[in-house]
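Biologist: I am new to this structure and would like a close look at a single part of it. Please start with the whole and then work towards that part.

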Amino acid sequence: LYSSGARITDVTTEGFQAVGLSLVGCYDTKVTRHTGIDCNYFTTGYGAQTYGCTNTVFSNCYYRGCRRGIDISGGEVISLHNLIENCANDGGGYSSNGDQWGLTDSGSAIGASPNYGFGSHGPSDHLTYRGNRMNTYFGINTRGGNEVIENNEFFDHVTDCVTLIYGANRIIRNNTSLPGLTDKDTTRYNGGANINNYIPENLVSIADTFDGGDFVEITGNSGNLNSSIVEFKSGAVVPTTGFVIKNNNIKFLLPTSANDNYLLNNTNTSSDPARNTTPTVPLCLSGNNFTRTGTGDLILVQNFTPEPITGSYKGNYTPVLTPVSNLNSSTVFGIPWTYIVSGDFVQVFGSFQLNHQTSTSDSRFTVSLPVNGTFSSSSQAGGTVSYNSIGSGSDSFGTIVADTTNNEFLVTSQAINPGVVLTYKFQGFYQASY
């Protein structure tokens, strides 16, 4: 279609391999309730595509079985000021070469045939993705410039919610990542079948072709992830002008309890000096809340050389308490513990219960950390624990130091009232490692 001011409503295109609905050189086109099914050529396969179009709006459209739902592209004439809003892509189906798109039922990738929710190519500029829903191998794939990704929902089989391939200047805000069917079991929901649960891996993935791209802002996003807030693929370059991660509320849900999680995870193994394996991170953190399950570490920065991190964030975790001496038991009490990170300084607050064996010697136990630390001296962590009997006179206090063997807190507490469960308060601090 070549046009100006066209309105396309309630149209279905099915089985067109390369492109279901193609807009070329159009101005002010509105596409509403378009349905694209099985546009599945393994190198193109777009449910709809713009090529050199300006002021195009796709709204309330639906795609299934396509390699990509909507693609914004161009050539010598770019696509400019376009909008994709309130559209959905449920993935599924097979590519033209016979491969199943995306993931198997077990959650593993299938060959070289991933599918994408929506995306752009280099000749796209000032594109907004707003209020869309995706259940595809990749969510939004960006290659253009000045793109805003806001209020979208990524769930179930999505591996990387947003991928930065090429281009510059991204704002990624107020998006949600959700498991497909969290805890859909017969006990919690009082009947029905148990259903497999899949969890998005990374909120943002930065590809090896990305060259820094000026600024990236990741703000106000929420939901569940399995791995990282940002993952840099091998050869990716850190944003050069500004890298901001603020006001996000993320819970890491781990199918394997010992997995680690990352704010920034650099998987870079490139030997190219321009794509340094330990780049400097001009990172600003502020107002984030990260919680997690499992026993692995929450790692701030993996394989980077960080500049001083500005701002702070807080989160909750359930620590592991391991008795060392003179204890019948040591357990977390009440709600998950709270931690606050300011730069690389970590404060931890919580409650726990001890049952001492005797009152003739102190009791000792270790406490796992919410954010990884590497200790070479006992003085690299500190704090106090306390039990107040409120009037009976049988109070108990203790000290916190760094356990250099296990990189955990080591707590030494006065032992009183053997055989009785006592509830203590914990306040500790340490320096996080990168």
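The request and a connected answer follow.

Biologist: Where is Ser 205 placed, and which residues is Ser 205 in contact with, leaving aside its neighbours within four places in sequence?

Modeller: The model is a predicted one. The protein has 42 strands and zero helices. Of its 434 residues, 52% are buried. Among contacts with a separation of 6 or more, 66% are between residues 24 or more positions apart. The exposed area of the protein is about 17,700 Å², and 48% of that comes from carbon and sulfur atoms.

Now to the part you asked about. Ser 205 sits in strand 21, which covers residues 202–206. Ser 205 counts as buried because its relative accessibility is 1%, and the cut-off for buried is under 20%. The side chain of Ser 205 is joined to that of Asp 160 by a polar contact of 3.5 Å. Asp 160 also appears in the list of residues in contact with Ser 205 once neighbours within four places in sequence are left aside; the others in that list are Val 162, Thr 163, Leu 164, Glu 231 and Lys 233.

The nonpolar core can be taken next. The largest one has 77 residues. Ile 229 is among those with the most contacts inside it, along with Phe 58, Val 230, Tyr 313, Tyr 339 and Phe 426. With neighbours within four places in sequence again left aside, Ile 229 is in contact with Leu 203 and Val 204; strand 21, the strand of Ser 205, spans residues 202–206. Ile 229 is also in contact with Ile 245, Ile 250, Phe 252, Tyr 262, Leu 263 and Phe 290.

Some of these partners lead on to a loop. Strand 25 covers 242–246 and strand 26 covers 249–252, and Asn 247 is in the loop between them. Phi of Asn 247 is positive, near 55 degrees, and this residue is not a glycine. Most residues other than glycine have a negative phi. Asn 247 counts as partly exposed because its relative accessible area is 47%, and exposed requires over 50%.

Asn 146 can be set beside it. Phi of Asn 146 is also positive, at about 55 degrees, although Asn 146 is not a glycine. Asn 146 lies in strand 16, residues 145–150. With a relative accessibility of 28%, Asn 146 is partly exposed.

To return to the request: Ser 205 is a buried residue in strand 21, with a side-chain polar contact to Asp 160.

Terms used
Residues numbered from 1 in each chain as written. Predicted model: local features only at pLDDT ≥ 70, side-chain atom pairs only at ≥ 80, totals over all residues. Heavy atoms only, no water. Core = buried A, V, L, I, M, F, W, Y, C linked by side-chain atoms within 4.5 Å. Buried < 20%, exposed > 50% of the residue type's maximum accessible area, 1.4 Å probe, protein only. Contact = heavy atoms within 4.5 Å. Helix = DSSP H or I, 4+ residues; strand = E, 2+ residues; numbered from the N terminus. Polar contact = N/O pair within 3.5 Å; in protein donor to acceptor, adjacent residues only side chain to side chain. Areas by Shrake-Rupley, 256 points an atom, 1.4 Å probe, with all protein chains shown as cover.
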